[in-house]
Amino acid sequence: MELIFYHPFFNSDRWITGLQTRLPGSQVRVWQPGDDAPADYALVRTPPPEMLRGRQGLKGVFALGAGVDDILDQLRTCPDMLDPAVPLFRLEDTGMSLQMQEYAVQRVLGWFRRFDEYQQLQAQGRWQPLKPHRRESFTVGVLGAGVLGQAVASSLKAWGFPLRLWSRSPREWAGMQTFHGREQLPAFLAGTQVLINLLPATAETEGIINRAMLRQLNPQAYLLNLARGVHVVEADLLAALAAGELQAAALDVFNVEPLPEDHPFWHHPRIAITPHNAAVTLPEEAMAYIARAIGEYEAGKMPAGWVDRQRGY
Ligand code: NDP
Ligand code: OXD
């Protein structure tokens, strides 16, 4: 079995050794421009179209991340890059849920206990107890009730915050209010104190976090964007902070990455930034999944992680 591998910055040696060990008899090679020899599977992050286009023998493509917007964006400009009959798979969890939970719990508790505000008071040398937030009205709403959204919401259960989730199709989760579709979005937003974004980037979700949405949250709400930069209209976020509609934001992803040096987010006192590493791809977990999925696919079973290209995630 032949596998081709392409990632703009991963250490390919580790992946080649790890995959060949997990898939005995397989040959894994790093794809180089000009390599058009047959391959059974391709493992990719933002692949150059010529890596996949017309590839003989290709049975499946594995995205080396949870989001596939990079690949689907390329497919929109290069529709012949990948035969529609070749399935595309993505990483489901593979250790990302726990990372997202760590991030979200830390942020939500920090905002709930007003630690950011105390840090600012300390910088001013001020001893000033602030009015505590009320737990029962500190409602956390998660946009996206998928693998990561659901995991994040579950991790916040222990702290007793009211929890709600918004998805495309109807879903039920014990102990959480659930909403779906555009028609239920206003009800989801009304009363939400902390908005956490874990949606995939699709034509339907791009720009969804805009001024109109932020205005529907509780006054002085908080925003945590863990999904994609394109979800947020950045000028609207700045305007909502300036108008006091939003108390603070923590952002892991941006319209342009790396965040440009002169971007106003860098020095905003109420914006916290991380460099798109809320949940990174863990090689061992990802390789274990890919090896298992290839085994299942070869045995005639459709593995988990299949991407519906029409739906966009
Ligand atoms: P899933 O596909 O498991 O979940 C997506 C969720 O979003 C589903 O609940 C889905 O609804 C919902 N959804 C999709 N479109 C809409 C819509 N138009 N309206 C309402 N709900 C919608 O994805 P994951 O949880 O695995 O990952 C989510 C995203 O997180 C990834 O796409 C990626 O962009 C981002 N990510 C970011 C990382 C980082 O480091 N910052 C790391 C990993 C992922 P339904 O349940 O009805 O299908
Ligand atoms: C992913 C990411 O989608 O790292 O996996 O953003």
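**View 1. Gln247, a buried residue in strand 11.** At 14% relative accessibility, Gln247 counts as buried, where buried means under 20% relative accessible area, exposed means over 50% and partly exposed lies in between, with a 1.4 Å probe and protein chains only. Gln247 lies in strand 11, which covers residues 246-251; helices (H or I, at least four residues) and strands (E, at least two) are DSSP runs, numbered from the N terminus. When its neighbours within four places in sequence are left aside, Gln247 is in contact with Glu117, Gln220, Ala221, Tyr222, Leu241 and Arg270, and contact means heavy atoms within 4.5 Å. The model is a predicted one, in which local features need pLDDT of at least 70 and side-chain atom pairs count only at pLDDT 80 or more, while totals for chains, interfaces and linings use all residues. Residues are numbered from 1 along each chain as its sequence is written, chains are lettered from A and ligands numbered from 1 in the order in which they are written, and side-chain values use heavy atoms, with hydrogens and water left out.

**View 2. The open sheet of seven strands, to which strand 11 belongs.** The strands of this open sheet follow the order 8-7-6-9-10-11-12, and their pairing is parallel; two strands pair if DSSP finds at least two bridges between them. Strand 8 (177-180) and strand 12 (271-273) are the edge strands, each of which pairs on one side only. From one strand to the next, the twist averages 15 degrees. Within the sheet, strand 9 (residues 194-197) and strand 10 (residues 221-225) run parallel and are joined by four bridges, and the bridge partner of Ile196 in strand 10 is Leu224. Helix 6 packs on the sheet, touching strand 6 (140-143), strand 7 (163-167) and strand 9, and the direction of helix 6 makes about 175 degrees with that of strand 7. For such values, axes are lines fitted to C-alpha atoms, for helices over the stretch in contact, and angles run from 0 to 180 degrees between N-to-C directions.

**View 3. Helix 4 against helix 6.** Two packed helices are described by the angle between their axes and the distance between the axes. Here the axes of helix 4 (residues 96-112) and helix 6 (residues 147-157) come within 9 Å and cross at roughly 45 degrees. The two helices are therefore oblique to each other, given that angles under 35 degrees count as roughly parallel, over 145 as roughly antiparallel, 65 to 115 as roughly perpendicular and the rest as oblique. The residues that meet are Met96, Ser97, Met100, Gln101, Ala104, Val105 and Val108 in helix 4 and Val147, Leu148, Ala151, Val152, Ser155 and Leu156 in helix 6. Sorted by class, this contact has ten nonpolar, three polar and no charged residues; Ala, Val, Leu, Ile, Met, Phe, Trp, Tyr, Cys and Pro count as nonpolar, Asp, Glu, Lys and Arg as charged, and the others, Gly among them, as polar.

**View 4. The open sheet of five strands.** The order of the strands in this sheet is 2-1-3-4-5, and the pairing is parallel. Strand 2 (27-30) and strand 5 (88-89) stand at the edges with a single partner strand each, so one side of each is left without a neighbour in the sheet. Helix 1 (residues 12-22) packs on the sheet, touching strand 1, strand 2 and strand 3, and its direction makes about 165 degrees with that of strand 2. Strand 4 and strand 5 run parallel and are joined by two bridges, and the bridge partner of Val61 in strand 5 is Leu88.

**View 5. Strand 3, covered on both faces.** In strand 3 (residues 41-44), Tyr41 and Leu43 on one side and Ala42 and Val44 on the other are all buried. Strand 3 pairs with strand 1 (residues 2-6) in the parallel sense over four bridges, and Phe5 stands opposite Leu43. Strand 3 also runs parallel to strand 4 (residues 60-63), to which four bridges join it, and Ala63 in strand 4 is the bridge partner of Val44.

**View 6. Backbone details in three loops.** Thr46, in the loop between strand 3 and helix 2 (49-52), has a positive phi of about 40 degrees although it is not a glycine. At 37% relative accessibility, Thr46 counts as partly exposed. Arg114, in the loop between helix 4 and helix 5 (115-123), is a residue other than glycine with a positive phi near 60 degrees, and at 17% relative accessibility Arg114 counts as buried. In the loop between strand 11 and strand 12 is the place of Pro258, which a cis peptide bond with omega of about -10 degrees joins to Glu257.
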